[in-house]
Amino acid sequence: MSTKAIESLSEDTVRHIAEERDEPEWLLETRLNALSALETAELPDVIQTPGRRWTDLEALDFEALVDPLNQSDATERTAGDDEVVVAPFTEAFDEYGDTLEEHFGTVLDPEHNYLTALSVALFTTGTFVYVPEGVDVEDVKIRAEMNSRSLFSQTLVVAEESSSVTILESIESGEESEIEGDRYFSNLVEVVGGENAAVQFGSLQNLDDDTYTYSLKRGITDTYATIDWIESNFGSKLTRSDVETELNGDGSESQIVGTFFGSEDQHFDVNARVWHQAEHTTADLVTRGVLDDVARSVYEGVQDVGRDAWNTSSYQRENTLMLSDDAEADASPKLIIHNHDTEASHSATVGQVDAEDLFYLESRSIDSLTARNMLVEGFFVPVLEEIAVDEFREDVEELVVERLQ
Amino acid sequence: MSSQDHLKETDTEARFEFKKEEKSAFKSEKGLTEETIRVISEDKDEPEWMLERRLRALEQFEAMPMPTDWPEAPDLSEVDIDQIVPYIRPDIDVRGGVDDWTDLPEEIKDTFDKLGIPEAEKNALSGVGAQYESEIVYQNMQERWEEKGVVFCDMDKAVQEHEELVKEYFMTKAVPPSDNKFAALHGAIWSGGSFVYVPEDTTVEMPIQAYFRMNSEGMGQFEHTLIIAEEGSEVHYIEGCSAPKYSAFNLHSGGVEVFVGEDAHVQYSTVQNWSKNTYNLNTKRAIAEKGGRMEWISGSMGSKATMLYPSTILKGRGASDNHITIAFAGEGQDIDTGAKVYHNAPETKSTIESKSISKDGGRTNYRGLVHIADGASDSSTAVECDALMFDNESTSDTMPYMEINESKVDVAHEATVGKIGDEDIFYLQSRGLDDDDAKQMIVSGFIEPITEELPIEYAVELNRLVELEMEGSLG
C-alpha cells in the first residue's frame, strides 16, 4: 500500500509555514524530514477481517482535503495559574526553545505514519504546556475553533517532576466558517510525564459533520508518573482517534477513558493502547459509546505487557449501547502478555438499553423516550465521574443531552 | 469381521497402504505440481470432477499469498511447499509395527508410556496406526451403524461409493478452496480422512473416533473429514492426532466440513498432540441449519505452530454453537487458535470458552471472530478467555474481533490473564503437597471446565498430556 502524494505539497509550502511562524531551524528540519517521509509512510493500521475493512482511510482524498497555506483557527488558552506556561509554540520559542527542542517528537515519532508525518510537516496551531517542578495547576483550558478547509494542530505537554496538571482541550467548527464541502482536522498531542508527575488530558471533539478527524495522543511516563486521558468524540463525519501511553517508569500509571456518541452516518474508529514496560505499572482502559441511526463504531484496545513488566495490573472495558437497529459496532480488545507476573483482564459488550430498566421507569409513569434518555445518560456516568475538569464534564453532559433530543 | 476389514473401513487403512505401496508404486518428487496431483487422482481412480476440483484448487493456491499480514501471526517462513512430500511416504522399514514404535523419538514414546497404555496396545497403536483407535469403537458399533444407515468410511472410499453426496458437499459450501491459502492447498492434494453420514432422526449414541498419525519425515498430511448430519440426528466425532518428531518440518493441513441439519446436533472433539516440528494449519467449518447445534471441543497440545479457528455459520433460526478450546504451548511452540462464529439468522446463540497455558517460551493466542449480521435479531454471544502463564519468556495473547451489525443482541467478551496464585500454592503446600504437585493440581483445575465436556477417556488423555508437559517444565 503506498499512499498518494499530495501534489500541492512541496518543500516551499513547509518553508513558508515555518518562516511565517518564525520557527527555529531544528523545527524546520523536523518538518522537512516529515515531508519527505510521506513518500514511504503508510496510513495507520486498520483492522481487517475476512471480507471486511473496519475503517476505510484509503478513501480519503487528501489532495482535496489538504489546503496547507490557508489554515485558520481561533484558539483561546487559559492557564489558570501564573506558574504554568500555556502558549502557542510561536510564543514559546524565545523562552522555552530548548525545552521544546528537547521533547518535541520524542513521545510521538513524526514519521510514525503518513498522517502524523503530514501533520508535523504542516501544523500551524497547537499549544505548548509547561508545568515546572512541583507546581500544581488545575483547569488549563485550550478551546479551539477550526475555520479552514484543513487544520493541523500539534500540542506538547511537559510536566516536570512532582508537578500536576489537568487540561481540557476542545475543538469545534467555527460558526462563521464559510467553507463548503469536506474538511480535515489533524491533532497530535505529546505528553511527557516527569517523575512523580500527574497529568490529566481531556479532549472534546465536536466538529461539524463535514469534517474528517485524525487524532493521535501519546504519553510517556517516568517513575511514579500518572498520565490519564479522557477522549470524547461527538462530532465529525469520520473520526480516527488513537490514545496511547507508554508506561516506561516503575510504578507509573495510566487511565484511558473514552467516550463517543454517534448518530446519522458518523463513523468513529477509536483506539486505546498501553504498553507496560516497567515494574509495578497499572493501566485502566474504559470506553463507553452510544450509537444511533446508521452510525458505526470501531474500537481497538491493546494492553501490551513487556518481558520486564513485573507486577503489572492492566484492565480494559468497552461497552457499546445501540439505540438503532441500523447501527454497527465492531470491537477488538487485545491482550499481548509477555510476563506472567501480571493481572490483566478485558471485557467488551454490545447491547441495547436494558428492557427491564426501561419497564421499571415506565411503570413509574415516565414516558418511554424520556426513560430511554435517562438510561443513556446514566450509561455515561462511569465515564463522567473520571473527568476532573468541571467545565469539561458539563460540556460532555450537555452534548449527550443534546444528542438525545 | 477380520481386522483387515476394519482397516478398510477407516481412513487410516489408506495411509497404511501407502506405506506398503511406496516402494513399488510411487517415487513422487517433493513439492506440488499438476503432475503430482494427476498421479494422486489417478492412483485413487477418482472421477473426473474430483480431479478438476483439485486442479482448480491448485491454481487458487498458487495465486494466493501466504497469510503474513495477520497481526502477530506465527512464523510460517519455514513452510515451503516445495520441501513437502505431499502424498508418498519416504522410507518406511516398518513391517509389523514394532520397529516403527522403537523408531519413535523418545519424546513421543515416553508420552505413550506415561499415558499408561499397556505394552500390547502401544504396539498396536504405532504399528497399525489408528487401527487401535478405530477398532474398539468400531467393532462395537459397526452393526448398529449399518442397521441405522449410518456411514463411516474413509473419504477416498466415499468418493467412489457416495459420489453424489460428496460431489454436492465436498469443498463447495463450507470450506471452498478459495477460503485461504492452506484450504486451497488442501483442496489440491487432500488424501484420506473420514466421511460420516447420519440419516434423519438417528442418534449415534457412542462417539465415532478416528486417530490421525503422521509417520514420515517431511511429509504433509491433508486428510479431509466430511460430516453430514441430517435433520434431527445426533453424532459425536472424535479425532486424535500425533506424529513422531523429525528435524525437518511436517505439515498438517486438514479440512473439516460439518453440515448440521435442522435440529441436528454434532459434537466434534479433537485432541491434537502433533510433534513439535509439525505445522498444523487446518480449516474446520460447520454450517448449522434451523435449530441445529454445533459443538467444537479442541485440545491443542502439540505442534510447532498451530493456526486453527474452527468456524460455525449459524444459518438457520435458533441455531446454536458452543466452542471449547484449550491450548498448551511449551518451549518453541506457537499455538494460535480460536474460533469464528457467524450469526446469520435470528435467535442464534454462541458461547466460546477458551483456556490457554503458556510456559518455557511458548506462545498461545486466542484469535476469534464473532460476526452478527444485520437481521440476526435476538442473538447472543458470550466469549470467555482465560490464560495462565508460567514465566516471562512466554507469551499469552488475546485478540478477539467482534462485528455487530444488529442492535437486538447480547454480546459479551471477557478475558483474563494471570499467573498461578502464590496463595493457592501456599495453601496446597500447607496441606502437604509439594510445589510441583500443587502447580499441577491448579492447572488441572484451570482446564477442568473443558475436560469435563470430553468423554472420560479423552479427558484422561488430555489431563495426562498436561501433566506430562508440566513435568517437563517443573521437574
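Start with chain A as a whole: its 405 residues have a radius of gyration of 21 Å, which agrees with the value near 22 Å that a compact globule of that length would have. Keep in mind as you go that this is a predicted model.

**Chain A, overall**

Show the C-alpha atoms of chain A and turn the view along the principal axes; they fill a box of roughly 70 × 50 × 45 Å. Switch to a cartoon and you will find nine helices and 20 strands in this chain. Colour by burial next: 54% of the 405 residues of chain A count as buried. If you draw a contact map, take the contacts between residues at least 6 apart in sequence; in chain A, 82% of these join residues at least 24 apart.

**The largest nonpolar core**

In soluble globular proteins, nonpolar side chains tend to be buried together. Here, the largest nonpolar core has 183 residues, and to find your way into it you can select Val157(A), Val260(B) and Val266(B), the residues with the most contacts inside this core. Then move to chain B and pick helix α11, residues 181-189, which gives the core its largest share, six residues. Colouring chain B by domain is also worthwhile, since the core draws at least three residues from domain 1 (3-308) and at least three from domain 2 (422-475).

Now go back to Val157(A) and display what surrounds it. Leaving aside residues up to four places away in sequence, Val157(A) touches Val129(A), Ile167(A), Glu190(A), Val191(A), Val192(A), Val199(A) and Phe201(A).

A second core, separate from the big one, is your next selection: this one has 32 residues, among them Leu60(A), Val66(A), Leu118(A) and Tyr184(A).

**Two loop residues with positive phi**

For the last stops, turn to the backbone. Most residues other than glycine have a negative phi. Select Asp22(A), a residue other than glycine whose phi is positive, near 55°. Asp22(A) sits in the loop that runs between α1 (11-20) and α2 (25-37) of chain A. Is this residue buried or exposed? Asp22(A) counts as exposed, because it has 9 C-beta neighbours inside 10 Å and the limit for exposed is 12 or fewer.

Finish in chain B with Met171(B), another residue other than glycine with a positive phi, this time near 50°. Look for Met171(B) in the loop between α10 (163-169) and α11 of chain B. Its surroundings contain 25 C-beta neighbours inside 10 Å, so Met171(B) counts as buried.

Technical notes:
Residues are numbered from 1 along each chain as its sequence is written. Chains are lettered from A and ligands numbered from 1 in the order in which they are written. This is a predicted model: local features need pLDDT of at least 70, side-chain atom pairs count only at pLDDT 80 or more; totals for chains, interfaces and linings use all residues. A nonpolar core is a set of buried Ala, Val, Leu, Ile, Met, Phe, Trp, Tyr and Cys residues joined through C-beta atoms within 7 Å. A residue is buried if 20 or more other C-beta atoms lie within 10 Å of its own, exposed if 12 or fewer, and partly exposed in between; C-beta atoms are placed from the backbone. Helices (H or I, at least four residues) and strands (E, at least two) are DSSP runs, numbered from the N terminus. Domain bounds come from an automatic or database domain assignment. Two residues are in contact if their C-beta atoms, placed from the backbone, lie within 7 Å. The radius of gyration is taken over C-alpha atoms; the globule rule is 2.2 Å times the number of residues to the power 0.38.
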